[in-house]
Structures are given as C-alpha cells and as structure tokens.
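Student: I have a new structure to look at, and I would like to understand the words people use for it. Could we go through it together?
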Amino acid sequence: MELHGIEVRRVALPLVAPFRTSLGRQTVRTALLLRAQTTLGEGWGECVAEDDPSYCAEYLDGALDVMRRFLLPALGGELGAYAVAERLAPIKGHPMAKAAVEMAVLDAQLRGTGLSFGGFLGAVRSAVPAGVSVGIMDRIPELLEAVAGYLAQGYLRIKLKIEPGWDVEPVRAVRERFGDIDLQVDANTAYQLRDARHLAKLDPFDLLLIEQPLPEDDLLGHAALVRSIRTPICLDESITSARAAAHAIALGATSVVNIKPGRVGGYLEARRIHDVCVAHGVPVWAGGMLETGLGRAANVALAALPGFALPGDTSASDRYYARDVTAPFTLVDGHVRVPEGPGLGVAPDQDFLDEITIATDWLPAGRQR
Ligand code: OSB
Ligand code: MG
C-alpha cells in the first residue's frame, strides 16, 4: 500500500472535571487526530502529546511540526505498518508523533484487510477490566466523594495521583472508607530517593503499586527504592522502549510496567514491551493519556493481550468527556468491551469532529517536488 498523506485536526474537548496531577492541572484536552489516506483506504490515529512538555519532552505543536517537516516526508512510496517505525528511526525522539502516524497507517492497513486491532495485536479477551485515575483534590472529603462515585459505577481499581503533601493522608482516608479495594498511586516523578523513608509510610496500606515515584532517568534510584520499601514499584515515564524495559527489569528497578503506546513510539513497540515483560514474569497494565474514543479503542485492544495482568487506565469515555468523538466506551460490570470490527472498530462522528476542530492541516507523504 501507499500513503498519500495525513489530514491532521487539532481538536479541543472540555473535561467533565479538572484533572490535577503532580505535573499540573488540566481542564481541556487538546489532541491531534490523524486521518491517513492510503491506496487501501483511510485510517485513524491519535497523538497523545499534551499542550506542554511536562509529562515528557514532547508537546502538541512540536509533534505537528515534526510530522509535517520530517515524519511524513520519510513515508513516500510502498509502505506497510511495520515499515513505518523503520523509516522513521533515523529521526531521533518524538515517540508520540511517530506512534500517531504508525497508528493511522496500521488502522488503514487493518481496515483494508478486515482484521481488528485486537486480532492483529494478539488479544485473548473480549473485554478488559477497567481502572480509573483520580486526580489530586483540594480536600479529602472531595476525594472520597469522587472515589465513591467511581466505585458505584463499577470501576475495579482506583489510582490516586499523589505528590508531596498529598500522599499518606489521602491513601489512609480512601483505605479507611472503602476497605479492601484494589488501590494504587501515581507520583509522576514528584519524589527523590531521599524521600524513601516517607514513601515507606505507604507500605501499611497494601497498595498494588506506586507508579513512577522518581525522575524518569533515575533507574538506579528506583532500584534502590525497590529494595527499601514493600510497595511494588511500577515505571511509566522511564519505560521508553522494549530495551528500556529490559534494562529496568535487569536492574531490579521495577516490579510492574505501565505500557503507553504514545510514550514508546507505537502499538508495535508496546507489544514488544509486553512480550519482554511476559518473558521476565513482570506483570503489565495499560496506561492512558486521556485518549478520545480513537486512542481508547486501540488501548483497550492492547489491554486484551495475555500479559496485561492488572486493570488499566482504560476507563469509560464519560470519565473525561461528556461527548466522545466516537460512540462512547462504557462500563459493563467494571469492564470495557474490545471493539471487534476491522481496524480500530470505531469511527469518529464527522459532524461532532467538525464542531470541535480548531485547525486542519494536510500533510502529504514523501518528498514533494
Ligand atoms: O501518568 O499515567 C499517567 C494522564 C496524562 C499523563 C500521564 C498520566 C495520566 C493518567 C490518566 O494517569 C490516565 C487516563 O485515564 O488516561
Ligand atoms: Mg503514570
């Protein structure tokens, strides 16, 4: 197949409530939605880069720029989904931009051949257990009310965002109020190794894991922390490739791995990380980046692979959005169904897409003469 080019829309979706992490506070998700045009038909992608380089170095305007100036020009001529990463390898970094382009090409290829994302990736489940990521709040009663609401909806696991000053007390309050629920926390790099004794105060609460307590480049610090606290450590930001996952495991820096396709350059690399972790007996789970129904469809398909041993941040669409760009993902007995149709198995509502589109660009593939 050949890629003619990619139409990139910048869309803005208001969140149903502000989402606060140790990195900042968000009220709107701005996303790049990609529509690849190929000789096999069209395919959809989603770029999860955020407005600012706070979770990682990438940011939305930079992602669009690198797609336009470097990624699309490298994708002329005969092309399959496996060739995308190979063609883009000489361009350093920018995994979220690369992942979005690969996703759109892969979707076109799968739609063209009738295979679903789940079928292609190796899904072994038709629905996946759903967890929910709960932001930092101003007061504990507000947090308890939010968690009570999610549990009432059926979420099977609660993840609390933490930072210095909002860690032991909220965890204690949630444990005391809700008892033996599946509970974990995510620090988004907010601590240092010198905080190890403080973090050990979380040990009595039997958390499933603590996600990315230390800076992303501090693998040795995480390895030391693994040895000094009882709560399992799970890396997110640090795991940028299958090789990085293998290194973190070899160093004893992580007991569990969060897999996010955007962070690692695509769904194919995400599957390799799954395979590396399974080979080492390390459980994995599916992270999220507030995806619309497009990215959510692919994440849910990935989460249906056999090594995904813990519920993911694969919440229903209404966790973030009053209206999604696709038919909404919903919770049924705490699970989200894996789409079965060709490719992503979902498509955006064109009228709604037009309503939320701020700007549209056409990026032709190959070097234009
Ligand atoms: O660290 O997992 C994270 C959202 C944006 C950036 C980083 C993270 C998150 C989440 C939300 O925790 C996950 C989701 O529900 O999509
Ligand atoms: Mg995280």
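Tutor: Happily! This is a predicted model. Let us begin with leucine 160, which, setting aside neighbours within four places in sequence, is in contact with Val134, Leu143, Val147, Pro170, Val171, Val174, Leu183, Gln184, Val185 and Asp186.

Student: What is the place of Leu160 in the largest nonpolar core?
Tutor: That core has 93 residues, and Leu160 and Phe117 touch the most other members. Helix 12 gives the most to this core, seven residues. At least three residues come from each of domain 1 (3-113 + 349-364) and domain 2 (119-337). Another core, of 34 residues, lies apart from it, with Met1 and Val48 among its members.

Student: Why is aspartate 186 called buried?
Tutor: Buried means under 20% relative accessible area. Aspartate 186 has 1%, so the word applies. Aspartate 236, at 0%, is therefore buried too.

Student: What makes Asp186, Glu211 and Asp236 donors of the magnesium ion (ligand 2)?
Tutor: A donor atom must lie within 2.8 Å of this metal. These protein donors lie 2.0 to 2.3 Å from the ion, so they qualify. Their spacing in sequence is D-x24-E-x24-D. Aspartate 186 in strand 7 and aspartate 236 in the loop between strand 9 and helix 9 are 50 residues apart.

Student: How do you know that the side chains of asparagine 299 and glutamate 291 make a polar contact?
Tutor: The cut-off is 3.5 Å between N or O atoms, and this pair is joined at 3.0 Å. Asparagine 299 is found in helix 12, and at 4% relative accessibility it counts as buried.

Note on methods: Residues numbered from 1 in each chain as written. Chains lettered and ligands numbered in written order. Predicted model: local features only at pLDDT ≥ 70, side-chain atom pairs only at ≥ 80, totals over all residues. Heavy atoms only, no water. Donors = N, O, S within 2.8 Å, 3.2 Å for Na, K, Ca; no water. Helix = DSSP H or I, 4+ residues; strand = E, 2+ residues; numbered from the N terminus. Buried < 20%, exposed > 50% of the residue type's maximum accessible area, 1.4 Å probe, protein only. Polar contact = N/O pair within 3.5 Å; in protein donor to acceptor, adjacent residues only side chain to side chain. Core = buried A, V, L, I, M, F, W, Y, C linked by side-chain atoms within 4.5 Å. Domains from an automatic or database assignment. Contact = heavy atoms within 4.5 Å.
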